[in-house]
Amino acid sequence: MRTILRSLVTGVLATGLVLVAHAQKPDRSGPPKAGPAPSFTMPRFEKFALSNGLQVVLLEKHQVPLVQVNLVVRAGTAMDPAGKSGLASMTAAMMMEGAGTLDALQLADAIDFLGAQIGASAGMHTSSVSMGAPVSKLDAALALQADVVLHPVFAQNELDRKRKSRLTTLVQWRDEPRSLASVMFSRSVYGSAHPYGVPVTGDESSIRAMKVEDLRAFHTQYFQPSNAFLIVVGDVTVPQMKEKLENAFGAWRGTAGAAPALPPIVQLDKRTITIVDKPGAPQTEIRIGRVGAARTTEDYYALMVMNTILGGSFSSRLNQNLREEHGYTYGAGSSFGFRVLPGPFLAASGVQAAVTDSALLEFMKELKGINAQVPDAELERAKNYISLGFPAEFQTVGDLADKLEELVIYGLPADYYSQYVRRIQAVTAADVQRVAKRYIDPAKMSIVLVGDRAGIEAKIAALKLAPITNLTVEDVLGKAPVVEGMK
C-alpha cells in the first residue's frame with residue numbers, strides 16, 4: 001500500500017512540475033491592474049423625534065455589544081461673540097469638568113467605572129457630547145451623558161485651571177513653528193475679523209476675560225433641543241432606544257437663541273509672502289493656500305480626486321516631488337478644509353531651511369501643473385485610491401456615527417454614501433482640470449514661511465514671487481502671557 005501511495009504522490013508531483021514548466025511566466029513589467037471599485041451600500045437607518053422635538057437618527061449594528069450616542073448642537077467656535085474668541089471650545093471643555101451632582105474627578109471616575117467614553121468638543125459650526133459604552137452599561141452611561149449635556153457645573157476652580165492651561169499653551173506655541181504657521185496662515189487667508197481666521201482656543205485677552213457666566217450664557221443660548229440632534233449607532237433597536245432616550249433627554253425644554261451673522265468671505269486677489277522669523281530654526285514650515293470650497297459644493301467629488309493627485313496621498317505629485325525626488329522633506333501634501341462656509345485650500349510641508357527657496361519653487365511648479373489635463377493612468381489611480389479605501393471608513397460604531405452626523409449637518413441625501421464610489425469613479429479628466437483652474441490659482445495665494453529669516457529671506461526675495469512681509473512671533477501671537485507657576 002505504501003508503495004502504491006508513493007507512486008501516486010510521485011506521479012502527481014511530476015505532473016505538477018510539467019504543468020509549471022509549461023505555465024505562462026508572470027508579467028512583471030508593471031504592477032497588476034486594479035480590480036473593479038468596491039460596491040458599498042450604507043446600512044439602513046431610522047429617523048424619529050422625542051416628545052420635545054429632539055431629532056434622532058438611529059442605525060442598528062448588532063455585530064458587537066456596543067453603542068455610540070452623539071448629541072450634536074448646531075453651534076461652535078464660529079459663534080463666539082466678538083472679543084470672546086475661544087468661548088465655545090472652553091464651554092465644551094468645561095462641560096466635562098463636573099456635571100449634575102458630580103465634580104470633575106467624580107465624573108471621570110463614574111465614566112471609567114462603566115468602561116464607557118464620554119467627551120465634549122467644539123468644532124467650527126457644531127459642538128458635541130459623544131458617548132460610547134457597552135450595551136450592558138447603556139442606561140447608566142446615558143444618564144451621565146445627559147447630565148453633561150443638561151446640567152454642567154461650570155465650577156470656578158475648574159475654569160481657573162483650564163484658563164491657566166490655555167495660557168500655557170499660548171506660551172508653548174511661540175516655540176512651535178507648526179503652530180505659528182497654522183495661526184498665521186488662517187489669518188492671512190480669512191483675516192482677523194472672521195471666525196475662520198482666529199485661533200479657536202482664543203487669545204490671551206479673551207481667555208483671561210472668560211467668566212463662568214459667559215459659559216452658562218453660551219450653553220443656555222445654544223444647547224437646546226430645537227438646536228440639536230442625536231446620532232445612535234449600535235447593538236440596539238428603535239423601540240428600545242426611544243424609551244431610553246426619552247428618559248434621558250425627553251424633559252429637556254427650551255428654544256435656542258439666534259446665531260450671529262458671519263462676515264462674508266473674500267477670496268484672495270493676489271499672491272503674498274509672509275515670513276515669521278524663528279532665528280536659528282533648522283527647518284522652514286511652508287503653508288500655501290487660499291479660500292477653497294464649502295462642503296456642499298457640487299464640485300466635491302472632482303475636488304477629492306484632483307487633490308488626491310496633487311497632494312492627498314503618499315503617491316501624490318507634491319510628496320513624490322519634494323520627498324522622493326528632491327529629498328527636501330519627510331512629507332508634503334495638500335487638503336481642502338470643507339466646512340459650512342468655504343474652508344481653506346492648503347498645501348504644506350516642513351523643509352530643510354537651506355532649501356526653502358528651492359522647495360517653494362517646486363510647490364509653485366506643482367500648483368501650476370495641476371491646471372493642465374491629468375494623464376488617464378494618474379486619474380484612474382487617484383479614483384481607485386479613494387474608492388478602495390472608502391469602505392474602511394465605516395468599520396466601527398464611532399465611524400458610522402460620524403458619517404451619519406455629516407449627513408445631518410450638511411443636509412446630504414440618505415443614499416449619499418451608497419452613491420459615493422460611483423460618483424468618484426464618474427469624475428473625468430476634464431472635471432479635474434475644471435476644478436483645478438477654478439480653485440487652484442498660484443497667482444492668488446497666501447504663502448506663509450516660518451523659519452530663520454536671516455537664512456531664507458534673501459533667497460526668497462530673489463525668486464520675485466511677491467513682496468515679502470516680515471513678522472516676529474509677537475506680531476503673530478502677541479507678547480508671551482505671564483502664567484503663574486511658569487518660569
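Here is a short chat about reading the sheet and the overall build of this predicted model.

Me: Where do I start with the whole chain, say its secondary structure?
Reply: Start with an inventory. The protein chain has 18 helices and 14 strands, and its C-alpha trace spans about 85 × 70 × 45 Å along the principal axes.

Me: How do I read a sheet, and in which order do the strands of the open one run?
Reply: Write the strands down in pairing order, then look at the ends. Here 6 strands give the order S11-S12-S10-S13-S9-S14, with mixed pairing. The edges are S11 (332-336) and S14 (468-471), each pairing on one side only. On average, neighbouring strands are turned by 15° against each other, ignoring direction.

Me: What sense does the pairing of S10 and S13 have?
Reply: Pick the two strands and check their bridges. S10 (residues 283-291) and S13 (residues 446-451) pair antiparallel, over 5 bridges. For a spot to click on, Ile288 sits opposite Ile447 in S13.

Me: Which strands does helix H11 lie across?
Reply: H11 (residues 317-325) lies across S11 and S12 (344-352), and runs at about 155° to S11.

Me: What share of the residues is buried?
Reply: Use under 20% relative accessible area as the cut-off. By that count, 48% of the 487 residues in the protein chain are buried. The accessible surface is about 23,500 Å², with 55% of that belonging to carbon and sulfur atoms.

Me: And how far apart are the mean positions of the positive and negative charges?
Reply: Average each set, then compare the two points. For the 50 positive and 47 negative charges of the protein chain, the mean positions are 5 Å apart.

Technical notes:
Residues are numbered from 1 along each chain as its sequence is written. This is a predicted model: local features need pLDDT of at least 70, side-chain atom pairs count only at pLDDT 80 or more; totals for chains, interfaces and linings use all residues. Side-chain values use heavy atoms; hydrogens and water are left out. Two strands pair if DSSP finds at least two bridges between them. Helices (H or I, at least four residues) and strands (E, at least two) are DSSP runs, numbered from the N terminus. Axes are lines fitted to C-alpha atoms, for helices over the stretch in contact, and angles run from 0 to 180 degrees between N-to-C directions. Contact means heavy atoms within 4.5 Å. Buried means under 20% relative accessible area, exposed over 50%, partly exposed in between (1.4 Å probe, protein chains only). Accessible areas come from the Shrake-Rupley method with a 1.4 Å probe; for residues, only the protein chains shown count as cover. Lys and Arg count as positive and Asp and Glu as negative; His and the chain ends are not counted. The place of a charge is taken as NZ of Lys, CZ of Arg, CG of Asp or CD of Glu.
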